[in-house]
Structures are given as C-alpha cells and as structure tokens.
Amino acid sequence: GIASWKVWQNELVTHELATKEARANFNKDQAFRLWGTDHGKIYVPISDSFQPDPNLSHIPERDITTPDGQQLSLINPARIIREMNEKFGRLYGVTGRITNQNPLRPENAPDSWEQKALLKFQQGIEEVIEYTEKDGESYLRLMQPLKTEAGCLLCHPTFIVGENGGGVVLNLPMKSLLAQETKQNKKDITLLTLLWLLGSLALLAAYRSLQHQSREKMRAFDALTSSEKRNGAIMMSALDSIITIDSEGYVREINPATEKTFGYSRSQMIGEELSELIIPHEMRGRHRKGL
C-alpha cells in the first residue's frame with residue numbers, strides 16, 4: 001500500500017518535472033522564433049552547409065550580394081530552429097519544429113499525433129500535451145497553435161495575421177527522467193522494506209515478550225491456585241475452628257470445625273459481623289476497638 005502510493009507520487013513528480021521542462025524549452029524556442037520574425041529578414045552566407053531555400057524563391061530579395069562580393073541567402077525562423085535541432089540538438093536533447101496542413105517543405109507535414117492536435121486547435125484548444133512513444137522511445141509531446149504574426153507573411157503570404165498558421169511542436173525525451181524515477185523508486189522501496197523488516201522484528205520481539213509475560217502470569221496463577229487449594233484443604237481438614245474476616249470484621253469464610261464449635265451453619269455466618277455472632281455482648285465494644 002505505502003510502496004504503491006510512493007511509486008505513484010514519484011510518477012506524479014516525474015510528470016510535473018517533464019511538463020515544466022517541456023514548457024520552458026517550448027517558450028525558449030518560441031521566443032527565439034519571434035525574435036527572428038521581428039527582425040524581418042535574416043541572411044546567412046551561402047556555403048556547402050547552407051544553400052538557398054527553394055521554398056522562399058518567391059521573395060525577390062531572397063539572395064543578395066554584399067559590396068565585397070559575398071553571397072547571402074534569406075533564412076526563416078523555422079529553418080533556424082530546425083537546423084539548431086539537427087546540428088546541436090544533442091546538447092539539450094529536446095527537439096521542436098513547426099507543422100501545418102499545407103507546409104512549404106514536405107518534411108514538415110504533420111504525423112498522426114500532430115494531425116490530431118491540429119484538429120483540436122480548430123476546436124479552440126490552446127495546448128495539447130501527452131506522453132507518447134516515438135521511434136521506440138518515450139516522449140512528452142507538447143504542441144500549441146502558431147499564431148500568424150505580420151513577419152510571417154514574408155514567407156507565407158497567404159496566411160492571415162492573428163489566425164492559426166499551424167502548430168509548434170516540442171518533443172521532450174523521457175529517458176533520463178524515467179531513469180531518475182526508477183532510481184528513486186528503488187531507494188524508496190529499499191527504505192520501506194528496511195522499515196518493514198525493523199517493524200516486523202519489533203513486533204516479533206513484542207510478541208515474544210507478551211508470550212513470556214503470559215507464561216509468567218500463568219505460572220503465578222497456577223501457583224496461586226495450587227496455594228488456594230492447599231489452603232482450602234488445610235482449612236477443611238483442620239480440627240481447630242478457622243474463621244476468615246475482612247477489615248470491617250465481616251465473615252468471609254469458615255471451616256467445618258467452626259460450624260461444630262459454634263453451632264452456626266456456613267450460610268448463617270457468611271457476610272455477618274463476627275462480633276454479632278460469637279463475641280459476648282459486653283465485649284463487643286472492645287473487640288471492635290481492637291479490630
């Protein structure tokens with residue numbers, strides 16, 4: 001019970017950490033993308049690693065040449081984020097991209113999960129977040145609608161400012177977080193097992209102590225019973241009269257010799273004051289005082 005509850009708590013902590021990390025990375029990418037959009041046109045030197053984007057060929061100034069002859073080509077924020085993920089994603093492990101129903105690049109077409117998220121955006125939902133499997137690995141996938149900014153029209157002239165231009169996706173690998181959760185579960189279960197063992201040993205010690213006390217009480221009871229039987233036997237067989245009274249002087253027990261000596265039956269004496277039975281009237285005051 002406690003172990004299951006603790007494992008459930010660790011799972012909740014993992015999900016909370018993953019959600020916070022995913023949103024933090026998402027906001028970072030979003031801020032960088034908005035920064036690029038606000039700057040209007042960003043150019044990068046043409047090289048073997050960067051060639052002009054054919055999807056931007058409709059822009060008159062896609063390619064320019066500096067006064068010293070260096071050739072530059074326009075790069076849009078989506079490509080910046082994509083190349084960061086492709087070339088440097090290993091540094092932080094979180095990948096993201098932009099997708100929509102009619103992407104400029106076929107590679108940006110939505111997968112089945114992203115397609116469902118885009119449909120939810122049409123219903124007014126502002127965020128879709130879910131734990132899924134992707135390429136055999138566990139991921140937290142987060143997606144929010146991409147609101148069209150004025151700067152977006154440079155690359156997407158058919159879009160309308162303020163409307164959804166698709167969705168921004170972020171994929172957070174869960175491998176390290178799940179490994180931490182598993183490690184914590186092992187620690188907790190080990191600790192709970194030790195506590196259970198210590199508790200069991202304590203209960204066993206208490207049980208044995210109670211058993212010992214019970215045996216001692218039984219021995220004392222047997223000794224008392226034996227003593228009472230012995231005393232009873234002595235009392236019943238004694239030739240002398242034996243009368244047992246309490247602190248108030250009332251008769252609690254008598255033996256057969258008493259009945260013969262005083263002529264009272266046992267039922268007549270039990271519960272009666274001794275002085276009223278066998279003490280002469282003129283001596284009762286001194287008897288009570290002495291008692």
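A salt bridge here is a side-chain nitrogen of Lys or Arg within 4 Å of a carboxyl oxygen of Asp or Glu. The model is predicted, so local features need pLDDT of at least 70 and side-chain atom pairs count only at pLDDT 80 or more, while totals for chains, interfaces and linings use all residues. Residues are numbered from 1 along each chain as its sequence is written, and side-chain values use heavy atoms, leaving out hydrogens and water.

**View A. Glu-253 pairs with Arg-266.** The closest N and O atoms of this salt bridge are 2.8 Å apart. Glu-253 sits in strand β9 (residues 251–254) and Arg-266 in helix α6 (residues 266–269), so the pair links distant parts of the chain, 13 residues apart. Helices (H or I, at least four residues) and strands (E, at least two) are DSSP runs, numbered from the N terminus. Glu-253 is partly exposed at 24% relative accessibility. Arg-266 is partly exposed too, at 42%. Buried means under 20% relative accessible area, exposed over 50%, and partly exposed in between (1.4 Å probe, protein chains only).

**View B. Arg-141 pairs with Glu-114.** Their closest N and O atoms are 3.2 Å apart. Arg-141 lies in strand β6 and Glu-114 in helix α3 (residues 112–122), so the salt bridge ties together parts 27 residues apart in sequence. Both Arg-141 and Glu-114 are buried.

**View C. Glu-83 pairs with Arg-79 inside helix α2.** The closest N and O atoms are 2.9 Å apart. The two residues are separated by about one helical turn because they are four residues apart in the helix. Glu-83 is buried, at 17% relative accessible area. Arg-79 is also buried, at 10%.

**View D. A nonpolar patch lies on the surface.** Its area is about 620 Å². Leu-191, Leu-195, Leu-198, Leu-201, Leu-204 and Tyr-207 make the patch. Patch residues have over 30% relative accessible area and no salt bridge; like charges are joined within 9 Å, and nonpolar side chains (Val, Leu, Ile, Met, Phe, Trp, Tyr) within 5 Å. Accessible areas come from the Shrake-Rupley method with a 1.4 Å probe; for residues, only the protein chains shown count as cover. Leu-198 lies in helix α4 (residues 175–237). Leu-198 is exposed, with a relative accessible area of 55%.
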